[in-house]
Amino acid sequence: MQTTSRTFTLIKPNAVAAGATGKILDRLIADGFRIRALKMDFLSRNRAARFYTVHRGKPFFEDLVRFMTSGAVVAAVLERDGERAVEALRTLVGATDPARAAAGTIRREFGESVTRNAIHASDSPENAREEWSRFFTPDEITEIDYTPEV
Ligand code: ATP
Ligand code: MG
């Protein structure tokens, strides 16, 4: 059986508000990701702070929480062939600072600043699982491929 792996992404409020959700999803699909779960959501201060708990106490933390609660976000569980979904998404998303992100990356195209950088990508399979479980129940994640009946 073909090996697959999964990761998690969150399209951030600046990109959703700019109407870039569809374009970003297209970029993910064109890169070889399949969407296994998808949801528009709105983070409370508490959820945003918990999501970014590793950054608690850092100088940018308050700005980050304020930004992440400033509008709707779009969460997705992504899958692709092979074992490197986490790495592949980080590469496609680009560096944290959009100004330093490589040409062709999502942050280079849709990011506005280090904080307003358009999209989150999980940094390990374990963190991906923990992060998507904050947005999706197991029943909300598609486990089988749709095959049209002939
Ligand atoms: P993400 O976790 O959102 O995918 P990342 O893994 O590239 O981004 P992290 O170091 O995990 O970067 O930082 C989380 C988020 O915090 C960044 O995406 C950015 O929005 C914000 N951030 C990080 N460093 C800074 C900074 N120096 N100044 C302002 N905001 C920052
Ligand atoms: Mg990170």
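Where does ligand 1 sit? In this predicted model, ligand 1 is found in the largest pocket. Let's look at who surrounds it there, and then at how some of the aromatic rings are arranged.

**Around the ligand**

- There are 13 residues around ligand 1, and the ones that come nearest are Lys 12, Tyr 52, Thr 96, Asn 117 and His 120.
- Sorted by class, that shell is a mix: five residues are nonpolar, five are polar and three are charged.

**Polar contacts with the ligand**

- Thr 96 has an N or O atom in its side chain 2.6 Å from an oxygen atom of ligand 1.
- The side chain of Arg 107 also takes part, with an N or O atom 3.0 Å from an oxygen atom of the ligand.
- Val 114 uses its backbone instead: a polar atom there is 3.1 Å from an oxygen atom of ligand 1.
- On its own, ligand 1 would expose 570 Å², and the protein buries 76% of that.

**Aromatic rings**

- You can find four aromatic pairs in the structure.
- Ring pairs join Phe 8, Phe 51, Tyr 52 and Phe 135 into a cluster.
- Tyr 52 is worth spotting twice, since this member of the cluster is also among the residues that come nearest to ligand 1.

**Arginines over rings**

- Phe 135, part of that cluster, has Arg 47 lying over its face, 4.9 Å from the ring centre.
- Over the face of Phe 33 you'll find Arg 80, at 4.5 Å from the ring centre.

Notes:
Residues numbered from 1 in each chain as written. Chains lettered and ligands numbered in written order. Predicted model: local features only at pLDDT ≥ 70, side-chain atom pairs only at ≥ 80, totals over all residues. Heavy atoms only, no water. Near = heavy atom within 4 Å. Polar contact = N/O pair within 3.5 Å; in protein donor to acceptor, adjacent residues only side chain to side chain. Areas by Shrake-Rupley, 256 points an atom, 1.4 Å probe, with all protein chains shown as cover. 1 Å grid on protein atoms, 1.4 Å probe; cavity = no way out; pocket = protein on both sides within 12 Å on 5 of 7 lines; lining within 4 Å. Sits in = over half its atoms within 2 Å of the grid points. Nonpolar A, V, L, I, M, F, W, Y, C, P; charged D, E, K, R; others polar. Phe/Tyr/Trp six-rings, centres within 6.5 Å; stacked < 30°, edge-to-face > 60°. Lys NZ or Arg CZ within 6 Å of the ring centre and 35° of its normal.
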